[in-house]
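Here is a friendly walk through one protein chain, from its overall fold down to single residues. Please keep the viewer open as you read.

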Amino acid sequence: MRLILICQGVLLAALFALPSSTGFAAKGDLKVQVPKSAPLLRGRALELRFADFAQGIWVRDLNDCPTPSIDRSAPGSALAIYRGLWEMPDRICQVYGAELGVRDTQRAAINCLLNSGAESIELVTVQPRGTGGLMVQEGERPPVHFRFCKKITPVLKAADE
């Protein structure tokens, strides 16, 4: 905490030490070359949604299927994945970068809003397991096996039925 306060003080002192002259710039004066992607991501395609194999409602125990709603399920017992959204009983998240790896393993960075009102940024890995299973690993936690419960019907298609 003390280091942060010292850094803030140094930054403020540097800002006040700058000369206070007016500067003018015309359009195109400062052309900066910005790389299109970071070297770490070169050659990789990032997605903003989960892979098709992960789409649906997943439960730990098939006796809980169909679940009344994800937010009313017991913590860790149900998971809904639809396009770029991830919902568990205690949080709802949105993908801001996902990468499909070997053997259909997908890693995704997600930004979550917790039921407590706090926010978190997490890394999840999803991988199909057999014909109706999904292995889910949140960060460094051990992987958890979920079973397919049901497909999520888009709202527009549900209205047509």
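The report below covers the fold, the strand pairing, the disulfides, the cores and one histidine.

## Overall fold

Please bear in mind that this is a predicted model. The protein chain has two helices and eight strands, and along the sequence these elements come in the order α-β-β-β-β-β-β-β-β-α. The strands build a closed barrel of eight, running S1-S2-S3-S4-S5-S6-S7-S8 with antiparallel pairing. From one strand to the next, the twist averages 35°.

A few totals help to place the fold. Of the 161 residues in the protein chain, 27% are buried. The protein chain exposes about 12000 Å², and 58% of that area comes from carbon and sulfur atoms. Among the contacts with a separation of 6 or more, 42% involve residues 24 or more positions apart.

## Strand pairing around the barrel

As a reminder, strands of a sheet pair through backbone hydrogen bonds, in either a parallel or an antiparallel sense. Strand S3 covers residues 85-88 and runs antiparallel to S4, with four bridges joining the two. One place to look is Leu85, whose bridge partner in S4 is Gln94. The hairpin that joins S3 to S4 passes through two residues.

S4 then pairs with S5, again in the antiparallel sense, over nine bridges. Here Leu100 stands opposite Gln106 in S5. This hairpin has five residues between its strands, and Arg103 in the turn has a positive phi of about 55°. Further along the chain, strand S7 (residues 133-138) and S8 form an antiparallel pair over four bridges. Within that pair, Leu134 has Phe146 in S8 as its bridge partner.

## Two disulfides

The structure contains two disulfides. Counting the bonded cysteines along the chain, their pattern is 1-4, 2-3.

One disulfide is formed by Cys65 and Cys149, with sulfur atoms 2.0 Å apart. This pair links distant parts of the chain: Cys65 sits in the loop between strand S1 (56-59) and strand S2 (78-82), while Cys149 belongs to strand S8 (residues 144-150), 84 residues apart. The torsion about the S-S bond of Cys65 and Cys149 is about 90°, so this disulfide is right-handed. Are its two ends buried or exposed, or partly exposed? Cys65 counts as partly exposed because its relative accessibility is 25%, whereas Cys149, at 13%, counts as buried.

The other disulfide joins Cys93 to Cys112, with an S to S distance of 2.1 Å. Cys93 is in strand S4 (residues 91-100) and Cys112 is in strand S5 (residues 106-114), so the bond ties together parts that are 19 residues apart in sequence. The S-S torsion of Cys93 and Cys112 is about 105°, so this disulfide is right-handed too. Cys93 has a relative accessibility of 2% and therefore counts as buried. Cys112 is also buried, with a relative accessible area of 2%.

## Nonpolar cores

In soluble globular proteins, nonpolar side chains tend to be buried together. In this model, the largest nonpolar core has 18 residues, and Phe50, Leu79, Ile81, Trp86, Ile110 and Val126 touch the most other members. S2, S3, S4, S5, strand S6 (119-129) and S7 each give two or more residues to this core. A second, separate core holds six residues, including Ile57, Ala78, Ala80 and Cys149. Cys149 is thus a place to look at twice: it has a part in this second core and in a disulfide with Cys65.

Phe50 is a good residue to select in the viewer. Which residues does Phe50 contact, leaving aside its neighbours within four places in sequence? The list is Gln55, Ile81, Arg83, Leu85, Trp86, Val95, Gln106, Ala108, Ile110, Val124 and Val126.

## A look at His145

His145 lies in strand S8. With a relative accessible area of 27%, His145 is partly exposed. Leaving aside neighbours within four places in sequence, His145 is in contact with Arg60, Arg129, Gly133, Leu134 and Met135. Pro128 makes a handy reference point: His145 and Pro128 are 17 residues apart in sequence, and their C-alpha atoms are 9.5 Å apart in space.

Conventions
Residues are numbered from 1 along each chain as its sequence is written. This is a predicted model: local features need pLDDT of at least 70, side-chain atom pairs count only at pLDDT 80 or more; totals for chains, interfaces and linings use all residues. Side-chain values use heavy atoms; hydrogens and water are left out. A disulfide is a pair of cysteine sulfur atoms within 2.5 Å. Buried means under 20% relative accessible area, exposed over 50%, partly exposed in between (1.4 Å probe, protein chains only). Contact means heavy atoms within 4.5 Å. Accessible areas come from the Shrake-Rupley method with a 1.4 Å probe; for residues, only the protein chains shown count as cover. Two strands pair if DSSP finds at least two bridges between them. Axes are lines fitted to C-alpha atoms, for helices over the stretch in contact, and angles run from 0 to 180 degrees between N-to-C directions. A nonpolar core is a set of buried Ala, Val, Leu, Ile, Met, Phe, Trp, Tyr and Cys residues joined through side-chain atoms within 4.5 Å.
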